[in-house]
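The following note sets out points for a colleague who is examining the model. Please read it beside the sequence and the structure shown here.

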Amino acid sequence: HAKIEAGPSLQIGRLPGVSLAGEAQAFLGFGRWPTLFADFAYWPETRADSSPGGAQVGLWTAGLGLCPVGGRTTPRLYGLCVGADVGRLHAAGFGFDTSGTINRWVVDLTIAGRFEQRLGGHFFVSANLVLAIPLVRTRVAYSTSTGETQVVFQAWPTTAMCHVGLGYAFD
């Protein structure tokens with residue numbers, strides 16, 4: 001069976017502050033085998049301030065994974081999913097004597113708890129709580145006139161995300 005869903009996501013730790021993204025997911029199940037999934041998220045630029053300037057930091061990610069554990073109590077579905085995200089982080093400095101732009105690849109490992117509730121027919125609502133662990137923590141910094149490095153933003157060792165979606169099941 002196949003299904004698609006889309007909706008907003010909130011994160012803390014991957015980008016400065018709490019930020020909102022748009023996210024879409026697709027799932028493909030093969031009977032008793034684990035369900036495969038793919039996702040895409042776009043996190044618009046958010047601001048990280050640091051005297052005398054700061055940076056605008058944005059991100060997009062694409063991921064793949066599987067949901068090996070799950071159950072159904074009609075009309076509810078719950079599961080545990082694991083995966084990996086690859087993305088591109090963009091940061092542009094502002095307010096410094098010399099400001100630059102960086103673009104970096106990011107890779108995260110993810111684990112998610114998933115819940116679905118059928119609404120009627122083929123439509124459902126879902127909620128995912130996700131923990132992401134970056135393989136390399138992103139750091140945005142600048143050098144002072146004395147040569148010191150000042151960090152504007154550094155990703156946390158673990159990111160927490162919450163996604164809610166509206167979906168359609170093709171079964």
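Which residue in β10 is the bridge partner of phenylalanine 124? The partner is glycine 167.

1. Basis of the note. This is a predicted model, in which local features need pLDDT of at least 70 and side-chain atom pairs count only at pLDDT 80 or more, while totals for chains, interfaces and linings use all residues. Residues are numbered from 1 along each chain as its sequence is written, and side-chain values use heavy atoms, with hydrogens and water left out.

2. Strand pairing around β10. Strands here are DSSP runs of E with at least two residues, numbered from the N terminus, and two strands pair if DSSP finds at least two bridges between them. β7 and β10 run antiparallel and are joined by ten bridges. β10 also pairs with β1, again in the antiparallel sense, over nine bridges. Alanine 2 stands opposite phenylalanine 170 in β10.

3. The two faces of β10. Side chains alternate along this strand, residues 159–170. Thr159, Met161, His163, Gly165, Gly167 and Ala169 point to one face and are buried (under 20% relative accessible area, 1.4 Å probe, protein chains only; exposed is over 50%, partly exposed in between). Ala160, Cys162, Val164, Leu166, Tyr168 and Phe170 point to the other face and are not buried.

4. Arginine 14 and its partners. The structure holds six salt bridges, each defined as a side-chain nitrogen of Lys or Arg within 4 Å of a carboxyl oxygen of Asp or Glu. One of them joins the side chains of arginine 14 and aspartate 85 at 3.6 Å, N to O. Arginine 14 is in the loop between β1 (2–12) and β2 (18–28), whereas aspartate 85 is in strand β5 (residues 76–94), 71 residues apart. Arginine 14 also meets aspartate 108 in a salt bridge, at 2.3 Å, N to O. Because aspartate 108 lies in strand β6 (residues 101–120) and arginine 14 in the loop between β1 and β2, this pair ties together parts that are 94 residues apart in sequence. Aspartate 108 counts as buried because its relative accessibility is 6%; arginine 14 and aspartate 85 are both buried as well.

5. A salt-bridge network. Lys3, Glu5, Arg114 and Glu116 are linked in a network of salt bridges. Within this group, the side chains of glutamate 116 and arginine 114 meet at 2.7 Å, N to O. Glutamate 116 is buried at 4% relative accessibility, and arginine 114 is buried with a relative accessible area of 8%.

6. The nonpolar core. The largest nonpolar core (buried Ala, Val, Leu, Ile, Met, Phe, Trp, Tyr and Cys residues joined through side-chain atoms within 4.5 Å) has 25 residues. Those with the most contacts inside this core are Leu15, Trp43, Val57, Leu59, Leu89, Val140 and Val152. At least two core residues each come from β2, β3 (35–50), β4, β5, β6, β7 (123–134), β8 (139–143) and β9 (149–154). With neighbours within four places in sequence left aside, valine 140 is in contact (heavy atoms within 4.5 Å) with Ala55, Val57, Ala91, Ile102, Val151, Val152 and Phe153.

7. Serine 19. This residue lies in strand β2 and is buried, with a relative accessible area of 7%. Serine 19 and serine 9 are ten residues apart in sequence and 8.2 Å apart in space, C-alpha to C-alpha. Beyond its neighbours within four places in sequence, serine 19 is in contact with Ser9, Leu10, Gln11 and Trp43.

Technical notes
Helices (H or I, at least four residues) and strands (E, at least two) are DSSP runs, numbered from the N terminus.
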